[in-house]
Amino acid sequence: MSSAIANQSSILREILKTIFVVGIGLLIGMIIILFISEEPTKVFDAILTGPLPSSTVLDDGTIRWRGMSRFGTFIEDSITLALVGLAVAIPFRARQFSLGADGQLFLGALASAAISIYVPLPGAILIPLAFTAAVVVGFVWGWLPGIMKAKAGANEIVTTLMLNVIAIQFFIFVVFNIMIDRQAGFIVTPFFQASAILEPLIRRTNVTWMILVAPLVCLLAYVFLARSNKGYELRVIGQNPSFGRQMGMPVDRTVALSMAIGGAAAGIAGFHIANAILKRLPSDFPAGLGFEGIVVALLARNDPRLIIPAALFYGYLRAGAQVMERTTDVSREMVLVVQAIIILLTVSENLLPRLGQWLGLGRRAK
């Protein structure tokens with residue numbers, strides 16, 4: 001009982017820390033906006049309420065909703081961000097700084113597209129098959145840098161970045177030369193089979209049952225880390241690899257497994273973008289989402305239980321930035337400034353206590 005209470009207290013403390021950091025970041029951003037915008041009130045309104053839909057009551061008593069596409073974009077982005085954030089957070093727990101989520105996402109989407117275009121099966125079989133293909137390809141592409149780190153000591157930052165380049169160029173080659181729809185007028189694959197496309201749950205959006213899958217994947221990741229033997233080994237190795245090795249834990253295999261599981265989560269994100277949002281793959285498939293997953297993982301303190309709230313916050317901020325750019329005199333780069341401030345505050349959370357010690361305000365060692 002006492003351990004459960006301590007665990008809940010720890011989670012609450014981390015949540016309060018994150019809320020404080022986010023609040024400070026937003027406050028600094030708003031102060032900057034006061035100096036660069038001629039309509040700061042409109043800017044604040046766009047950021048804070050832009051992604052939300054508005055309603056109008058008609059004469060017959062029915063309610064008409066407006067802005068559902070913006071709201072849908074916010075939810076869709078949050079789902080993707082949660083999955084790529086988890087793809088970063090799990091290797092982080094094993095002290096592996098993986099930057100490979102982009103490549104894993106690209107290849108997961110490509111595998112899903114190949115199944116969704118060329119395999120003639122009913123949707124009840126085709127969608128799970130495409131989903132599984134994305135997971136397996138992401139898992140394998142994440143496992144490769146893990147094996148290189150475990151067996152050859154290769155730096156995971158370098159290997160994941162280089163594998164990103166290979167994956168993205170392979171993606172472009174396949175779309176351009178093999179899967180291209182020559183009737184489309186631009187470089188893109190054919191549309192997926194109708195049975196492979198995820199049906200929306202909300203009209204005029206691409207919000208699908210993936211809204212349930214993302215929290216489920218985060219929950220499974222938490223159960224794996226907190227309740228399984230492999231998860232315990234991963235956490236111990238992340239905290240003290242030398243101790244894990246002395247205890248006979250398979251350090252190399254666990255490192256590779258953490259990278260592979262992260263790759264599987266990124267593969268699911270690729271499936272989501274391909275089968276729920278785009279329904280075909282362009283050669284200019286959106287890159288950089290894997291790096292935004294780092295922001296989500298940092299906000300969530302690498303805790304799968306906090307990934308969804310962190311993704312929702314960051315997705316809301318991104319959607320608000322799009323509204324702000326279209327309706328005010330401030331560009332969306334302002335949100336990047338706020339993001340950078342939040343990241344700096346998150347990774348330097350020990351700065352204030354140390355500064356107090358330097359100034360003689362903290363407790364001195366006796």
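Let's start with Arg318, which sits in helix 12. Helices here are DSSP runs of H or I with at least four residues, strands are runs of E with at least two, and both are numbered from the N terminus. Before going on, a word on the ground rules: this is a predicted model, where local features need pLDDT of at least 70 and side-chain atom pairs count only at pLDDT 80 or more, while totals for chains, interfaces and linings use all residues. Residues are numbered from 1 along each chain as its sequence is written, and side-chain values use heavy atoms, with hydrogens and water left out.

**Arg318 and the salt bridges**

Arg318 is buried, with a relative accessible area of 14%. The word "buried" means under 20% relative accessible area, "exposed" means over 50%, and "partly exposed" is in between (1.4 Å probe, protein chains only). Leaving out residues up to four places away in sequence, Arg318 touches Asp77, Leu81, Leu289, Glu292 and Arg332. Touching, or contact, means heavy atoms within 4.5 Å.

One of those neighbours does something extra: the side chains of Glu292 and Arg318 meet in a salt bridge, with N to O at 3.0 Å. Glu292 lies in helix 11 and Arg318 in helix 12, so this pair ties together parts that are 26 residues apart in sequence. A salt bridge is a side-chain nitrogen of Lys or Arg within 4 Å of a carboxyl oxygen of Asp or Glu. Both Glu292 and Arg318 are buried. Add Asp77 and you get a network of salt bridges linking Asp77, Glu292 and Arg318.

How many salt bridges does the structure hold? There are six. Here are three of them:

| Salt bridge | N to O distance |
|---|---|
| Glu292 and Arg318 | 3.0 Å |
| Arg280 and Asp181 | 3.3 Å |
| Arg305 and Asp303 | 3.0 Å |

Take the Arg280 and Asp181 salt bridge. Arg280 is in the loop between helix 10 (251-278) and helix 11 (289-299), and Asp181 is in the loop between helix 6 and helix 7 (210-227), so the pair ties together parts that are 99 residues apart in sequence. Arg280 is buried, at 13% relative accessible area. Arg280 also lies over the face of Phe191, at 3.9 Å from the ring centre. For a charge to sit over a ring, NZ of Lys or CZ of Arg must be within 6 Å of the ring centre and within 35 degrees of the ring normal.

In the Arg305 and Asp303 pair, Arg305 is partly exposed at 33% relative accessibility, whereas Asp303 is buried at 10%.

**Rings that pair up**

Now for the aromatics. Rings of Phe, Tyr and Trp (its six-membered ring) pair if their centres lie within 6.5 Å; planes under 30 degrees apart count as stacked, over 60 as edge-to-face and the rest as tilted. That rule gives eight aromatic pairs. In one of them, the ring centres of Phe74 and Tyr316 are 5.2 Å apart with planes at 85°, so the pair is edge-to-face. Phe74 belongs to helix 3 (residues 68-93) and Tyr316 to helix 12 (residues 304-327), which puts the partners 242 residues apart and makes this a link between distant parts of the chain. Phe74 is buried at 8% relative accessible area, and Tyr316 is buried at 18%.

Another pair is Phe92 and Phe97: their ring centres are 5.0 Å apart and their planes are at 20°, so this one is stacked. Phe92 is buried at 14% relative accessibility, while Phe97 is partly exposed at 36%.

Ring pairs also join Phe71, Phe74 and Tyr316 into a cluster.

**Pro51 meets the cluster**

Where is Pro51? Look in the loop between helix 2 (40-49) and strand 1 (54-57). Pro51 is buried, at 0% relative accessibility. Leaving aside neighbours within four places in sequence, the contacts of Pro51 include Phe71, Phe74 and Tyr316, along with Ala46, Arg70 and Val323.

**Glu156 and helix 4**

Glu156 is in helix 6 (residues 156-177) and is buried at 8% relative accessibility. The side chains of Glu156 and Lys149 are joined by a polar contact of 2.8 Å. A polar contact is a pair of N or O atoms within 3.5 Å; within protein, one must be able to donate a hydrogen and the other to accept it, and residues adjacent in sequence count only if both atoms are side-chain atoms. Phe97 turns up again here, among the residues that Glu156 touches.

Finally, helix 4 is mostly covered, with 16 of its 18 residues buried.
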